[in-house]
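Work through these exercises with the sequence and the 3D view side by side. Try each task before you read its solution.

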Amino acid sequence: MAQLLLFTASYDHRDQAMRNLSRSRQVHIFYYPWFGNEAVDGKWNEWDHPMLPHWDENERSKFSFGRVYSPPAELASVYYPARGPYSSMNLSIVREHMHEIREAGIDVVVFSWWKLPASGASERGWGVKDSTDAAAPLVLEAAAEAGIKVCFHLEPYKGRRVGDVREDVQYILSEYGQHRAFFYADKLPLFYVYDSYQLPLDDWKPLLLPDGSLSLRGSTLDGLFLGLYVRRGHEKFATEAGFDGLYSYFASSGFSDGSRPSEWRRLAAWGRSVGKIFCP
(Lines give C-alpha, C1' and ligand atoms only; values in the text may rest on other atoms or scores of the structure.)
Protein backbone atom coordinates (compact mmCIF):
# COMPACT_ATOMS: atom_id res chain seq x y z
CA MET A 1 0.00 0.00 0.00
CA ALA A 2 1.35 3.40 -0.95
CA GLN A 3 1.93 5.94 1.79
CA LEU A 4 -0.73 8.66 1.94
CA LEU A 5 0.36 12.09 0.76
CA LEU A 6 1.03 14.53 3.56
CA PHE A 7 0.37 17.69 1.54
CA THR A 8 -2.49 19.79 2.88
CA ALA A 9 -4.02 22.59 0.87
CA SER A 10 -4.76 26.10 2.01
CA TYR A 11 -7.72 27.89 0.46
CA ASP A 12 -5.37 30.19 -1.40
CA HIS A 13 -3.58 27.21 -2.89
CA ARG A 14 -6.83 25.49 -3.90
CA ASP A 15 -8.14 28.70 -5.47
CA GLN A 16 -4.93 28.96 -7.49
CA ALA A 17 -5.20 25.31 -8.54
CA MET A 18 -8.79 25.90 -9.64
CA ARG A 19 -7.80 28.94 -11.71
CA ASN A 20 -4.94 27.05 -13.33
CA LEU A 21 -7.14 24.08 -14.17
CA SER A 22 -9.82 26.36 -15.60
CA ARG A 23 -7.27 28.00 -17.88
CA SER A 24 -5.60 24.76 -18.86
CA ARG A 25 -5.82 23.48 -22.41
CA GLN A 26 -5.52 19.89 -21.24
CA VAL A 27 -7.99 17.38 -22.65
CA HIS A 28 -9.56 14.79 -20.36
CA ILE A 29 -11.34 11.66 -21.59
CA PHE A 30 -13.67 9.31 -19.72
CA TYR A 31 -12.49 5.71 -19.71
CA TYR A 32 -14.61 2.69 -18.77
CA PRO A 33 -12.70 -0.33 -17.42
CA TRP A 34 -15.70 -2.53 -16.67
CA PHE A 35 -15.72 -4.85 -19.70
CA GLY A 36 -15.16 -8.58 -19.35
CA ASN A 37 -15.23 -11.65 -21.54
CA GLU A 38 -15.32 -15.37 -20.99
CA ALA A 39 -11.75 -15.99 -22.10
CA VAL A 40 -10.15 -13.67 -19.51
CA ASP A 41 -12.78 -13.21 -16.81
CA GLY A 42 -14.80 -16.40 -17.10
CA LYS A 43 -17.97 -14.46 -17.91
CA TRP A 44 -19.29 -11.55 -19.92
CA ASN A 45 -19.35 -8.13 -18.28
CA GLU A 46 -21.17 -5.16 -19.79
CA TRP A 47 -21.10 -6.49 -23.35
CA ASP A 48 -24.33 -8.24 -22.31
CA HIS A 49 -25.75 -5.20 -20.49
CA PRO A 50 -29.58 -5.06 -20.64
CA MET A 51 -31.15 -2.13 -22.44
CA LEU A 52 -31.99 0.46 -19.77
CA PRO A 53 -35.21 2.45 -19.49
CA HIS A 54 -35.03 6.13 -20.39
CA TRP A 55 -33.87 8.13 -17.37
CA ASP A 56 -36.74 10.64 -17.75
CA GLU A 57 -40.05 9.08 -16.68
CA ASN A 58 -41.93 11.41 -19.03
CA GLU A 59 -39.96 10.06 -22.01
CA ARG A 60 -39.72 6.42 -20.93
CA SER A 61 -42.81 5.14 -22.72
CA LYS A 62 -41.41 6.26 -26.09
CA PHE A 63 -38.49 3.82 -25.98
CA SER A 64 -38.08 0.08 -25.56
CA PHE A 65 -35.99 -1.37 -22.72
CA GLY A 66 -35.17 -4.63 -20.99
CA ARG A 67 -33.61 -6.39 -23.97
CA VAL A 68 -30.59 -8.53 -23.04
CA TYR A 69 -27.74 -8.88 -25.53
CA SER A 70 -25.87 -12.10 -26.32
CA PRO A 71 -22.13 -11.64 -26.95
CA PRO A 72 -19.95 -12.15 -28.83
CA ALA A 73 -22.21 -11.90 -31.86
CA GLU A 74 -24.55 -9.30 -30.35
CA LEU A 75 -23.17 -6.60 -28.05
CA ALA A 76 -24.69 -3.86 -25.90
CA SER A 77 -22.87 -1.28 -28.01
CA VAL A 78 -23.66 0.93 -30.98
CA TYR A 79 -20.27 -0.05 -32.44
CA TYR A 80 -18.50 -3.39 -32.60
CA PRO A 81 -14.95 -2.94 -31.25
CA ALA A 82 -12.15 -3.56 -33.76
CA ARG A 83 -10.45 -5.79 -31.15
CA GLY A 84 -13.64 -7.69 -30.48
CA PRO A 85 -15.41 -7.78 -27.11
CA TYR A 86 -12.26 -7.39 -25.03
CA SER A 87 -11.59 -7.65 -21.31
CA SER A 88 -10.55 -4.57 -19.35
CA MET A 89 -8.23 -6.89 -17.43
CA ASN A 90 -6.19 -7.65 -20.56
CA LEU A 91 -3.05 -5.54 -20.09
CA SER A 92 -2.06 -5.66 -23.75
CA ILE A 93 -5.45 -4.23 -24.72
CA VAL A 94 -5.21 -1.52 -22.05
CA ARG A 95 -1.74 -0.58 -23.32
CA GLU A 96 -3.08 -0.24 -26.84
CA HIS A 97 -5.91 1.95 -25.55
CA MET A 98 -3.56 4.25 -23.66
CA HIS A 99 -1.22 4.68 -26.62
CA GLU A 100 -4.13 5.46 -28.93
CA ILE A 101 -5.46 7.97 -26.40
CA ARG A 102 -2.04 9.63 -26.25
CA GLU A 103 -1.85 9.70 -30.06
CA ALA A 104 -5.23 11.45 -30.12
CA GLY A 105 -3.79 14.32 -28.06
CA ILE A 106 -5.47 13.38 -24.77
CA ASP A 107 -3.67 14.38 -21.57
CA VAL A 108 -5.70 12.79 -18.76
CA VAL A 109 -7.76 9.59 -18.56
CA VAL A 110 -10.75 9.83 -16.20
CA PHE A 111 -10.99 6.32 -14.78
CA SER A 112 -14.52 5.14 -13.96
CA TRP A 113 -14.21 3.75 -10.43
CA TRP A 114 -16.09 2.10 -7.63
CA LYS A 115 -14.79 -0.39 -5.08
CA LEU A 116 -18.02 -2.25 -4.46
CA PRO A 117 -17.37 -6.02 -4.47
CA ALA A 118 -19.11 -8.18 -7.02
CA SER A 119 -22.14 -10.06 -5.70
CA GLY A 120 -24.87 -9.58 -8.26
CA ALA A 121 -26.55 -7.18 -10.66
CA SER A 122 -28.55 -5.49 -7.91
CA GLU A 123 -25.50 -4.08 -6.14
CA ARG A 124 -25.25 -0.91 -8.21
CA GLY A 125 -28.92 -0.78 -8.96
CA TRP A 126 -28.68 -0.65 -12.76
CA GLY A 127 -26.86 -3.68 -14.03
CA VAL A 128 -23.10 -3.18 -13.55
CA LYS A 129 -21.85 -6.14 -11.53
CA ASP A 130 -18.18 -5.84 -10.70
CA SER A 131 -15.86 -3.37 -9.04
CA THR A 132 -13.50 -1.61 -11.42
CA ASP A 133 -10.79 -1.27 -8.78
CA ALA A 134 -8.92 -4.34 -10.01
CA ALA A 135 -8.32 -2.64 -13.35
CA ALA A 136 -6.85 0.53 -11.80
CA PRO A 137 -3.24 -0.74 -11.51
CA LEU A 138 -3.30 -1.87 -15.15
CA VAL A 139 -4.61 1.47 -16.40
CA LEU A 140 -2.15 3.47 -14.29
CA GLU A 141 0.83 1.45 -15.51
CA ALA A 142 -0.27 1.56 -19.15
CA ALA A 143 -0.95 5.30 -18.88
CA ALA A 144 2.51 5.90 -17.40
CA GLU A 145 4.09 3.99 -20.27
CA ALA A 146 2.12 6.11 -22.74
CA GLY A 147 3.04 9.37 -21.00
CA ILE A 148 -0.44 10.38 -19.86
CA LYS A 149 -2.08 10.85 -16.46
CA VAL A 150 -5.07 9.30 -14.69
CA CYS A 151 -7.66 10.82 -12.36
CA PHE A 152 -10.70 9.10 -10.89
CA HIS A 153 -14.40 9.28 -11.72
CA LEU A 154 -16.30 8.37 -8.53
CA GLU A 155 -19.27 6.34 -9.76
CA PRO A 156 -22.46 5.89 -7.73
CA TYR A 157 -23.44 2.61 -6.15
CA LYS A 158 -26.39 1.42 -4.15
CA GLY A 159 -26.50 3.12 -0.76
CA ARG A 160 -23.65 5.57 -1.43
CA ARG A 161 -23.53 8.40 1.11
CA VAL A 162 -20.98 11.16 1.64
CA GLY A 163 -19.27 9.14 4.35
CA ASP A 164 -18.68 6.43 1.76
CA VAL A 165 -17.27 9.02 -0.63
CA ARG A 166 -14.79 10.09 2.04
CA GLU A 167 -13.69 6.49 2.50
CA ASP A 168 -13.42 6.07 -1.28
CA VAL A 169 -11.18 9.13 -1.58
CA GLN A 170 -9.00 7.91 1.27
CA TYR A 171 -8.67 4.48 -0.33
CA ILE A 172 -7.79 5.84 -3.78
CA LEU A 173 -5.14 8.21 -2.43
CA SER A 174 -3.67 5.54 -0.20
CA GLU A 175 -3.52 2.91 -2.93
CA TYR A 176 -2.71 5.01 -5.99
CA GLY A 177 -1.85 8.56 -4.95
CA GLN A 178 1.89 7.99 -5.24
CA HIS A 179 1.75 6.39 -8.67
CA ARG A 180 3.69 8.28 -11.34
CA ALA A 181 0.61 8.42 -13.58
CA PHE A 182 -1.74 9.80 -10.90
CA PHE A 183 -2.97 13.25 -11.93
CA TYR A 184 -2.53 16.25 -9.67
CA ALA A 185 -3.57 19.82 -10.35
CA ASP A 186 -0.98 21.85 -8.43
CA LYS A 187 -0.54 18.99 -5.92
CA LEU A 188 -4.30 18.48 -5.53
CA PRO A 189 -5.98 15.31 -6.83
CA LEU A 190 -8.94 15.82 -9.13
CA PHE A 191 -12.13 13.82 -8.69
CA TYR A 192 -15.17 13.84 -10.94
CA VAL A 193 -18.24 12.81 -8.89
CA TYR A 194 -20.91 11.20 -11.03
CA ASP A 195 -24.60 11.60 -10.13
CA SER A 196 -23.67 13.97 -7.32
CA TYR A 197 -27.11 15.60 -7.65
CA GLN A 198 -28.77 12.32 -6.64
CA LEU A 199 -27.90 13.15 -3.04
CA PRO A 200 -29.51 16.22 -1.49
CA LEU A 201 -27.40 19.36 -1.64
CA ASP A 202 -27.23 19.59 2.15
CA ASP A 203 -25.76 16.07 2.37
CA TRP A 204 -22.56 17.24 0.67
CA LYS A 205 -21.90 20.15 3.03
CA PRO A 206 -20.35 18.08 5.87
CA LEU A 207 -17.84 16.66 3.39
CA LEU A 208 -16.96 19.66 1.21
CA LEU A 209 -17.31 22.71 3.44
CA PRO A 210 -14.39 23.56 5.74
CA ASP A 211 -16.40 23.34 8.96
CA GLY A 212 -18.21 20.11 8.05
CA SER A 213 -18.18 17.14 10.40
CA LEU A 214 -16.61 14.95 7.66
CA SER A 215 -14.71 17.73 5.94
CA LEU A 216 -11.94 16.88 3.52
CA ARG A 217 -10.84 20.49 3.37
CA GLY A 218 -7.40 21.29 4.70
CA SER A 219 -6.67 17.60 5.28
CA THR A 220 -4.49 15.11 3.42
CA LEU A 221 -7.67 14.04 1.59
CA ASP A 222 -8.38 17.47 0.14
CA GLY A 223 -8.63 17.87 -3.61
CA LEU A 224 -10.65 19.37 -6.43
CA PHE A 225 -14.13 17.86 -6.61
CA LEU A 226 -16.36 18.39 -9.64
CA GLY A 227 -20.08 17.62 -9.42
CA LEU A 228 -22.26 16.55 -12.31
CA TYR A 229 -24.26 19.33 -13.94
CA VAL A 230 -27.50 18.09 -15.52
CA ARG A 231 -29.97 20.95 -15.28
CA ARG A 232 -30.25 24.59 -14.26
CA GLY A 233 -30.14 24.98 -10.52
CA HIS A 234 -27.32 22.49 -10.08
CA GLU A 235 -24.95 25.44 -9.82
CA LYS A 236 -25.90 25.50 -6.14
CA PHE A 237 -23.95 22.30 -5.59
CA ALA A 238 -20.83 24.39 -6.19
CA THR A 239 -21.84 27.71 -4.63
CA GLU A 240 -23.57 26.25 -1.55
CA ALA A 241 -22.50 22.61 -1.05
CA GLY A 242 -18.76 23.10 -1.58
CA PHE A 243 -18.00 21.45 -4.92
CA ASP A 244 -15.07 23.13 -6.66
CA GLY A 245 -16.89 23.12 -9.96
CA LEU A 246 -19.17 21.21 -12.31
CA TYR A 247 -18.85 19.09 -15.42
CA SER A 248 -21.39 18.34 -18.13
CA TYR A 249 -20.38 14.75 -19.07
CA PHE A 250 -22.99 13.79 -21.66
CA ALA A 251 -21.81 13.94 -25.26
CA SER A 252 -25.25 13.90 -26.88
CA SER A 253 -26.38 17.49 -27.50
CA GLY A 254 -29.70 18.17 -25.80
CA PHE A 255 -29.70 15.01 -23.68
CA SER A 256 -29.58 17.32 -20.67
CA ASP A 257 -29.23 21.06 -20.09
CA GLY A 258 -25.55 20.49 -19.39
CA SER A 259 -25.00 18.69 -22.69
CA ARG A 260 -26.22 21.66 -24.76
CA PRO A 261 -23.22 23.54 -26.19
CA SER A 262 -25.40 26.65 -26.13
CA GLU A 263 -25.26 26.46 -22.31
CA TRP A 264 -21.48 26.18 -22.03
CA ARG A 265 -20.66 29.83 -22.56
CA ARG A 266 -23.12 30.80 -19.82
CA LEU A 267 -21.75 28.16 -17.46
CA ALA A 268 -18.15 29.17 -18.15
CA ALA A 269 -19.05 32.79 -17.38
CA TRP A 270 -20.86 31.67 -14.23
CA GLY A 271 -17.77 29.74 -13.12
CA ARG A 272 -15.51 32.75 -13.61
CA SER A 273 -17.92 34.99 -11.72
CA VAL A 274 -18.04 32.76 -8.62
CA GLY A 275 -14.53 31.32 -8.71
CA LYS A 276 -15.56 27.83 -9.72
CA ILE A 277 -14.58 25.42 -12.52
CA PHE A 278 -16.82 24.43 -15.41
CA CYS A 279 -15.70 21.51 -17.60
CA PRO A 280 -17.85 20.88 -20.68
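**Exercise 1. Explain how many disulfides the two cysteines C151 and C279 could form with each other.**

Solution. This is a predicted model, so work from its atoms.
- Step 1. Start at C279. The closest cysteine sulfur is in C151, at 9.5 Å.
- Step 2. Compare with the cut-off. A disulfide needs two cysteine sulfur atoms within 2.5 Å. The sulfur of C151 is therefore too far away for a bond.
- Step 3. Start again from C151. Its closest cysteine sulfur is that of C279, also too far for a bond.
- Step 4. Conclude. The structure holds zero disulfides.
- Step 5. Check the surroundings. C151 is buried, at 0% relative accessibility. C279 has 19% and counts as buried too, because the limit for buried is under 20%.

**Exercise 2. Describe the overall build of the chain, and compare its radius of gyration with that of a compact globule.**

Solution.
- Step 1. Count the elements. The chain has eight helices and eight strands.
- Step 2. Find the expected value. For 280 residues, a compact globule would have a radius of gyration near 19 Å.
- Step 3. Compare. The chain has 19 Å, which agrees.
- Step 4. Add the dimensions. Along the principal axes, the C-alpha atoms fill a box of roughly 55 × 45 × 35 Å.
- Step 5. Look at the contacts. Take those between residues at least 6 apart in sequence: 69% join residues at least 24 apart.
- Step 6. Look at burial. Of the 280 residues, 47% count as buried.

**Exercise 3. Find the residues that touch the most other members of the largest nonpolar core.**

Solution.
- Step 1. Recall the background. In soluble globular proteins, nonpolar side chains tend to be buried together.
- Step 2. Pick out the residues. The largest core has 47 residues, and M98, F152 and W204 touch the most other members.
- Step 3. Find the main contributor. Helix α4 (residues 136–146) gives the most, with seven residues.
- Step 4. Zoom in on M98. Beyond its neighbours within four places in sequence, M98 contacts Y31, V109, V139, A142, A143, A146 and I148.
- Step 5. Look for a second core. Another one, of 19 residues, lies apart from the largest. V110, C151, Y247 and C279 are among its members.

**Exercise 4. Show where the buried residues of helix α6 sit around its axis.**

Solution.
- Step 1. List them. In α6 (residues 201–208), L201, W204, L207 and L208 are buried.
- Step 2. Look down the axis. These buried residues fall within an arc of 110°, so they line one face of the helix.
- Step 3. Recall the geometry. An α-helix has 3.6 residues a turn, so residues three or four places apart point the same way.
- Step 4. Name the cover. It includes α5 (162–176), β5 (188–193), β6 (224–228) and α7 (236–239).

**Exercise 5. Locate three backbone features: a cis peptide bond and positive phi values at K187 and Y249.**

Solution.
- Step 1. Set the background. Most residues other than glycine have a negative phi, and most peptide bonds are trans.
- Step 2. Find the cis bond. It joins P71 and P72, with omega about 5°. P72 is in the loop between α2 and α3 (91–103).
- Step 3. Turn to K187. Its phi is about 75°. K187 sits in the loop between β4 (184–185) and β5, and it is exposed, at 55%.
- Step 4. Turn to Y249. Its phi is near 70°. Y249 lies in the loop between β7 (245–247) and α8 (261–274), and it is partly exposed, at 22%.

Technical notes: Residues numbered from 1 in each chain as written. Predicted model: local features only at pLDDT ≥ 70, side-chain atom pairs only at ≥ 80, totals over all residues. Heavy atoms only, no water. Buried < 20%, exposed > 50% of the residue type's maximum accessible area, 1.4 Å probe, protein only. Core = buried A, V, L, I, M, F, W, Y, C linked by side-chain atoms within 4.5 Å. Helix = DSSP H or I, 4+ residues; strand = E, 2+ residues; numbered from the N terminus. Contact = heavy atoms within 4.5 Å. Rg over C-alpha atoms; globule rule 2.2 N^0.38 Å. Arc of directions from axis to C-beta.
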